[in-house]
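Welcome! Please take a moment to look over the sequence and the fold, and then let us walk through them together.

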Amino acid sequence: MAVDPALSDLARPIESGQPWPRPACPNCQTGYIGFSSPTETEGYDSASARNHPDFEPEWISGTFLVLGRCENPQCKQAVHGTGDYRVNYARKSYGSENWHQGEHYSSYYTVTHLHPPMLMMPVPLAAPEEVREGIRRASRVLFADAGLAATALRATVERYLTSEGISATRSTGQFRNAHERINEWRDADPNRPPVADLLFAVKWLGNAGTHEDADLTTMEVLD
């Protein structure tokens with residue numbers, strides 16, 4: 001199942017005045033979420049700095065709220081989003097309200113949380129429930145904590161292997177590592193190696209995400 005490309009666009013700062021990405025609805029999975037314009041709340045330090053004689057618009061920052069709704073008239077699922085914003089030079093949007101001393105400026109919105117979460121990928125109805133729940137867990141923290149999302153995806157691979165009859169323990173009761181279990185699953189069918197490579201990639205990414213100094217980005221997890 002392919003990752004929703006709109007999530008990659010949501011992982012990047014979104015310039016004010018530009019259309020927001022339209023991810024697939026997590027409820028009906030047939031409609032798309034359309035977002036309204038964000039509502040900004042400037043931070044205290046940012047607002048205080050406006051009195052500084054050297055004030056520049058790039059000093060402005062704060063948080064924002066944004067409301068989305070599924071465009072499918074049979075669904076209309078509401079989605080609430082939040083995150084941080086900063087002001088910087090405009091790249092695409094130019095308007096009189098964003099002009100300062102001969103320069104055009106825009107707000108740039110960075111999403112940190114969406115509720116309900118956007119599913120990272122469509123999950124077939126035939127998928128085991130424990131696998132579906134694993135994808136949901138990873139999706140909940142995708143924007144807030146990419147390392148935790150990677151760890152949740154790694155755990156989902158192990159859940160999938162268990163559902164496929166690949167034992168998590170040896171006859172002695174000792175736990176088997178994910179690498180060994182993926183190898184066993186791969187070797188059971190000559191058509192599986194390409195998929196196994198993806199499972200290994202998720203395993204390695206999840207390993208990186210568990211480290212205390214992990215600096216994974218949302219884009220890396222989606223890739």
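One definition helps before we begin: a polar contact is a pair of N or O atoms within 3.5 Å, where, within protein, one atom must be able to donate a hydrogen and the other to accept it. Please also keep in mind that this is a predicted model.

With that in hand, start at the N-terminal end of helix α4, which is capped by Asp 145. A side-chain oxygen of Asp 145 lies 3.3 Å from the backbone nitrogen of Gly 147. From there, follow the helix along residues 146–163. With 18 residues at 1.5 Å a residue, α4 should span 26 Å, and its end C-alpha atoms are indeed 26 Å apart, so the expectation and the model agree. After the helix comes Gly 165, which has a positive phi, near 85°.

Which residues of α4 are buried? Among them are Ala 146, Gly 147, Ala 149, Ala 150, Ala 152 and Leu 153, along with Arg 154, Thr 156, Val 157, Glu 158 and Leu 161. These buried residues pack against α3 (129–140), α5 (178–187), α6 (193–210) and α7 (218–222). As a general point, an α-helix has 3.6 residues a turn, so residues three or four places apart point the same way.

Now turn to the first of those partners in our tour, α3. The axes of α3 and α4 are 8 Å apart, and the two helices pack at an angle of about 175°. Angles over 145 degrees count as roughly antiparallel, and therefore α3 and α4 are roughly antiparallel to each other. On the α3 side, the contact involves Glu 130, Val 131, Glu 133, Gly 134, Ile 135, Arg 137 and Ala 138. On the α4 side, they meet Ala 149, Ala 152, Leu 153, Thr 156, Arg 159, Tyr 160 and Ser 163. Sorted by character, the residues of this contact are seven nonpolar, three polar and four charged.

Stay with α3 a little longer to find Arg 132, which lies in this helix. Is Arg 132 buried or exposed? Its relative accessible area is 16%, so Arg 132 is buried, given that buried means under 20%. Apart from residues up to four places away in sequence, Arg 132 touches Val 123, Pro 124, Leu 125 and Ala 127.

Back in α4, look for Thr 151. At 24% relative accessibility, Thr 151 counts as partly exposed. The C-alpha atoms of Thr 151 and Ala 138 are 7.9 Å apart, although the two residues are 13 residues apart in sequence. Thr 151 also touches Gly 206, Gly 209 and Thr 210, again not counting residues up to four places away in sequence.

That brings us to α6. This helix too has 18 residues, which should span 26 Å at 1.5 Å a residue; its end C-alpha atoms are 26 Å apart, in agreement. The buried residues of α6 are Ala 196, Leu 199, Phe 200, Lys 203, Gly 206 and Gly 209, and they pack against α4 and α5.

Two further stops complete the walk. In the loop between α5 and α6 sits Asp 189, which is partly exposed, with a relative accessible area of 26%. Its C-alpha atom is separated by 50 Å from that of Lys 92, 97 residues apart along the chain. Finally, helix α1 (residues 5–10) holds Ser 8, which is buried at a relative accessible area of 15%. Beyond its neighbours within four places in sequence, Ser 8 is in contact with Met 219 and Leu 222.

Technical notes. Residues numbered from 1 in each chain as written. Predicted model: local features only at pLDDT ≥ 70, side-chain atom pairs only at ≥ 80, totals over all residues. Heavy atoms only, no water. Helix = DSSP H or I, 4+ residues; strand = E, 2+ residues; numbered from the N terminus. Expected span 1.5 Å × (residues − 1). Buried < 20%, exposed > 50% of the residue type's maximum accessible area, 1.4 Å probe, protein only. Contact = heavy atoms within 4.5 Å. Axes fitted to C-alpha atoms, helices over the stretch in contact; angles between N-to-C directions. Parallel < 35°, antiparallel > 145°, perpendicular 65-115°, else oblique. Nonpolar A, V, L, I, M, F, W, Y, C, P; charged D, E, K, R; others polar.
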